[in-house]
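Thanks for sending this one over. I have put my notes into numbered points, so you can follow along with the model open beside you.

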Amino acid sequence: MSTMSPEQRGDLAERMLPEAANLAVLVHGDGGPEDVAAVLAGLTAAEKDALIVVLAGLVDPEQPVGRALGWLDFNEHGSLTVPASWSEDRTVRDLAPEENVGLDDDFVDQVAVAKFMKGFRVSELTDAEFLEAVKQCVAKGLTLADVDQLRRWPRKTTENRVNRLRKQWQRSGRTFPELKQPGLRTFTPVEVVAMRERAAAGATDLELAMSYGVNRETIRSIVTGKRYASCGGPVRAALSAKSLKASREHMCGHADTSLAGGYQAPNARLTPQERSQVRERTAGGEPVRELAGEYGVSTETIRRYAA
């Protein structure tokens with residue numbers, strides 16, 4: 001496949017998708033070894049390479065191994081007919097062999113770390129700088145998923161890199177840094193009012209969480225009045241699940257199960273449910289800038305779907 005152009009490799013992989021589906025149903029009980037051998041015998045070397053890629057693409061590396069192999073039979077004693085380690089709760093990704101790559105040096109550029117935590121563009125961080133930045137983010141109340149959102153990264157990017165580095169530290173005999181969330185923090189009435197005023201002025205929950213060293217859920221509970229209800233300041237209207245459904249049906253003119261209700265344009269940045277949430281929350285007075293930061297889109301996108 002190396003001599004093919006990207007377009008040719010893509011076309012070949014697409015042609016192999018039915019073959020991959022055929023092998024899947026054969027292995028899951030619709031056939032036997034002879035049927036699998038017959039399928040493979042009719043393929044060229046390039047097609048087999050493409051088939052392997054397609055089959056790998058059909059596997060979710062984040063699912064537990066036991067679930068991925070859950071179709072396997074048990075013997076008369078109720079035991080799996082595969083090695084016992086395959087039935088553990090480890091994910092498929094955990095079983096993948098990793099290169100024995102040494103750790104970077106421990107030097108940390110604190111300026112780069114500070115830029116990272118503020119969401120600014122930075123050059124590639126070393127492993128030590130990345131861990132320091134994540135540790136400081138978690139100490140301020142952010143989750144690993146929050147770090148992904150802060151950096152505009154795909155889901156679980158931070159978690160996967162942290163897990164990879166944890167394994168490297170373990171192989172090197174070193175103690176991995178503790179990523180510890182802070183305890184529940186209390187605020188004075190003055191701080192509560194200031195927080196709510198900043199939220200009303202357009203500050204996002206993530207920005208406030210970074211400023212006060214707590215997670216976004218804590219910020220949201222305060223600015224919506226769930227906590228410190230007796231304190232003053234502008235309180236954001238909480239999202240109502242009932243009104244969200246009514247708004248979605250009203251705006252779309254269809255029920256949830258209709259085709260129109262589930263349609264999403266190819267270039268859309270928000271799912272239908274998220275668009276309905278944006279309409280409801282903007283109608284409730286939530287700032288456009290805050291919603292743009294929370295959903296990871298531009299303010300123009302939020303205004304486009306606003307009520």
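The points below cover charged pairs, a cavity, a buried acid and a helix.

1. First, a reminder that this is a predicted model. Please keep that in mind as you read on, since every value here is computed from a prediction.

2. Let's start with the charges. How many salt bridges does a search of the whole structure find? There are 13. As general background, side chains of opposite charge can pair when their charged atoms come close.

3. A local example sits in helix H7, residues 127-139, which holds both Lys135 and Glu132. These two are 3 residues apart, about one turn of the helix, and they form a salt bridge with 3.5 Å between the closest N and O atoms. Is each partner buried or exposed? Lys135 is partly exposed, at 33% relative accessible area. Glu132 has a relative accessibility of 18% and counts as buried, because the cut-off for buried is under 20%.

4. Now to a pair that reaches across the chain. Arg220 and Glu294 meet through their side chains in a salt bridge, at 2.9 Å from N to O. This pair links distant parts of the chain, with Arg220 in helix H12 (residues 216-223), Glu294 in helix H16 (residues 288-295) and their positions 74 residues apart. Arg220 has 32% relative accessibility and counts as partly exposed.

5. Glu294 has another partner to look at. Arg281 forms a salt bridge with Glu294, and the closest N and O atoms are 2.8 Å apart. Here, too, the pair links distant parts of the chain: Arg281 belongs to helix H15 (residues 272-283) and Glu294 to helix H16, 13 residues apart. Arg281 counts as buried, with 7% relative accessibility. Through shared partners, salt bridges join Arg220, Arg281 and Glu294 with Asp205, Arg236, Glu286 and Glu290 into one network.

6. Some of those names come back around a cavity. The whole structure has 2 cavities of 30 Å³ or more, and the second largest has a volume of about 40 Å³. Which residues line the second largest cavity? They are Gln149, Thr204, Asp205, Leu206, Arg216, Glu290, Gly293 and Glu294. By type, the lining divides into 4 charged, 3 polar and 1 nonpolar. Helix H16 gives the largest share of this lining, 3 residues, and helix H11 (205-212) is also among the helices that each supply at least two.

7. Back in helix H7, please have a look at Glu129. Glu129 is buried yet has no salt bridge, and the nearest side chain of opposite charge, Arg161, is 7.6 Å away. A salt bridge needs nitrogen and oxygen within 4 Å. What does Glu129 touch, leaving aside neighbours within four places in sequence? Its contacts are Phe107, Val108, Asp109 and Val113.

8. Last comes helix H8, residues 144-151. Of its 8 residues, 6 are buried, so H8 is largely enclosed by the rest of the structure. The buried ones are Asp146, Val147, Asp148, Gln149, Leu150 and Arg151; Gln149 also appears in the lining of the second largest cavity. The buried residues of H8 pack against helix H6 (110-117), H7, helix H9 (157-171), H11, H12 and H16. After H8 comes Arg152, with a positive phi near 60°.

Methods
Residues numbered from 1 in each chain as written. Predicted model: local features only at pLDDT ≥ 70, side-chain atom pairs only at ≥ 80, totals over all residues. Heavy atoms only, no water. Helix = DSSP H or I, 4+ residues; strand = E, 2+ residues; numbered from the N terminus. Buried < 20%, exposed > 50% of the residue type's maximum accessible area, 1.4 Å probe, protein only. 1 Å grid on protein atoms, 1.4 Å probe; cavity = no way out; pocket = protein on both sides within 12 Å on 5 of 7 lines; lining within 4 Å. Points joined across faces, edges and corners; volume = space filled by probe spheres on them. Nonpolar A, V, L, I, M, F, W, Y, C, P; charged D, E, K, R; others polar. Lys, Arg positive; Asp, Glu negative; His and termini not counted. Contact = heavy atoms within 4.5 Å.
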